[in-house]
Amino acid sequence: MKINKIIYLIIASFVLIFSACEPIVEEQHLANSTDVDGVELKATNTTPGGNEIKLELLTPAITGHWNYMIGKALTDRATIIFPVKGTFNFAYRGTLGAELFEKKVPVTIDVLDHPVPAEWTALLGADAVAGKTWIFDQNGPDSLWWFMSPPNAPDSAMSVWWNAGGTCCPPGDANGKMHFDLDGDANYTHYETKTSTGTKGLFTLDVVGKRLIISDGAKMLGSAAGNKDGVYSIVSLTEDKMVLYLNNSETYGTGWTFIFRPE
């Protein structure tokens, strides 16, 4: 009997020791500070119908950022210059506390009374929501529209090393097209042929850096030249002509030049 009592005491001691070592956890759960309907957003033209827009999140205890299609504002309040006319829905994306949300607020721009780069209208056309379609300019001089050029030298983009498009070896999508628009986002769509189903992605027009970036699963027209990251230097961009340059093709180890015109 004494042995059994000793065993029970030992077991009881171990139980007390291990239970004493277990941490005391006070579970805390995130809670929403409001619902989506309770999030108040405001987008105001600083002049009647003008293209300077003041964006405001008026509801406290909400964190997130503004997405105005051509860029982001990582603050609750921001003033932006929008480069095109039309009616757009600017989005605020953030958290209510326990869940993520997106809410949009409409704004209409009737006049470009603050200066904007001409490249935006050139790329998208007069109606940025409807957008604009571009194709290879295969009717240009010397059949130069898709050709090898010196690497890492945008100023030498028109120096032809090999006129691939105009001679033996055009890309598979030579007769395709690409479309840019601001219908809800900075949309880019690639079409392998004029009648094929498009592959959708996004575009970024960096006017200051002179870059056009294609992203989100789509590819540039003529991407057989290479370039996995989708970044192209803008040599020129006008209403009737766009010349892009690839600094360094991972396929050929050279530069590559693309010449497009509106469809």
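Student: What makes you say that the charged end of Lys-177 sits over the ring of Tyr-191?

Tutor: One caveat up front: this is a predicted model. In it, the charged end of Lys-177 is 4.8 Å from the centre of the Tyr-191 ring. The cut-off is within 6 Å, plus a limit on the angle to the ring normal, so a lysine NZ meeting both counts as sitting over the ring.

Student: Why are Phe-180 and Phe-203 called an aromatic pair, and why edge-to-face?

Tutor: A search of the whole structure turns up 15 aromatic pairs. In the one formed by Phe-180 and Phe-203, the centres are 5.4 Å apart and the planes make an angle of 80°. Pairing needs centres within 6.5 Å, and edge-to-face needs planes over 60 degrees apart, so both labels fit.

Student: What makes this pair a link between distant parts of the chain?

Tutor: Phe-180 belongs to strand β10 (residues 177-181) and Phe-203 to strand β12 (residues 199-206), with the two 23 residues apart. Both Phe-180 and Phe-203 are buried, too. There's also an aromatic cluster, made up of Phe-136, Trp-145, Tyr-232, Phe-258 and Phe-260.

Student: How do you know that β10 and β11 pair?

Tutor: They share 5 bridges, in the antiparallel sense. At least two bridges are needed, so β10 and β11 qualify as paired. Met-178, for one, has His-190 as its bridge partner in β11. The two strands form a hairpin with 5 residues between them, and Gly-184 in the turn has a positive phi of about 95°.

Student: Which strand does β11 join through 4 bridges?

Tutor: That's β12, and the two run antiparallel. Here Thr-189 stands opposite Lys-200 in β12.

Student: Why is β11 described as largely enclosed?

Tutor: Because 4 of the 5 residues of strand β11 (residues 187-191) are buried. For the whole protein, buried residues make up 40% of the 263 residues.

Student: Is Ser-233 buried or exposed, and how do you know?

Tutor: Its relative accessible area is 13%. Buried means under 20%, so Ser-233 is buried. Ser-233 is found in strand β14 (residues 231-238).

Student: What makes the link between the side chains of Ser-233 and Asn-247 a polar contact?

Tutor: The distance is 3.0 Å. The cut-off for a pair of N or O atoms is within 3.5 Å, with one able to donate a hydrogen and the other to accept it, so this side-chain pair makes the list. Leaving aside neighbours within four places in sequence, Ser-233 is in contact with several residues, including Pro-154, Lys-210 and Tyr-245.

Student: Why does Val-207 count as partly exposed?

Tutor: Val-207 has 22% relative accessibility. Partly exposed runs between the 20% limit for buried and the 50% limit for exposed, so Val-207 falls in that range. Its place is in the loop between β12 and β13 (211-215). Not counting residues up to four places away in sequence, Val-207 touches Pro-117, Glu-119 and Trp-120. The C-alpha atoms of Val-207 and Pro-117 are separated by 7.3 Å, though the residues lie 90 apart along the chain.

Student: What makes β1 and β5 edge strands?

Tutor: The open sheet has 3 strands in the order β1-β2-β5, with antiparallel pairing. Each of β1 (41-45) and β5 (77-81) pairs on one side only, which is what puts them at the edges. Between β1 and strand β2 (residues 52-57) there are 5 bridges, and Lys-42 has Glu-56 in β2 as its bridge partner.

Definitions and conventions:
Residues are numbered from 1 along each chain as its sequence is written. This is a predicted model: local features need pLDDT of at least 70, side-chain atom pairs count only at pLDDT 80 or more; totals for chains, interfaces and linings use all residues. Side-chain values use heavy atoms; hydrogens and water are left out. Rings of Phe, Tyr and Trp (its six-membered ring) pair if their centres lie within 6.5 Å; planes under 30 degrees apart count as stacked, over 60 as edge-to-face and the rest as tilted. Buried means under 20% relative accessible area, exposed over 50%, partly exposed in between (1.4 Å probe, protein chains only). A charge sits over a ring if NZ of Lys or CZ of Arg is within 6 Å of the ring centre and within 35 degrees of the ring normal. Contact means heavy atoms within 4.5 Å.
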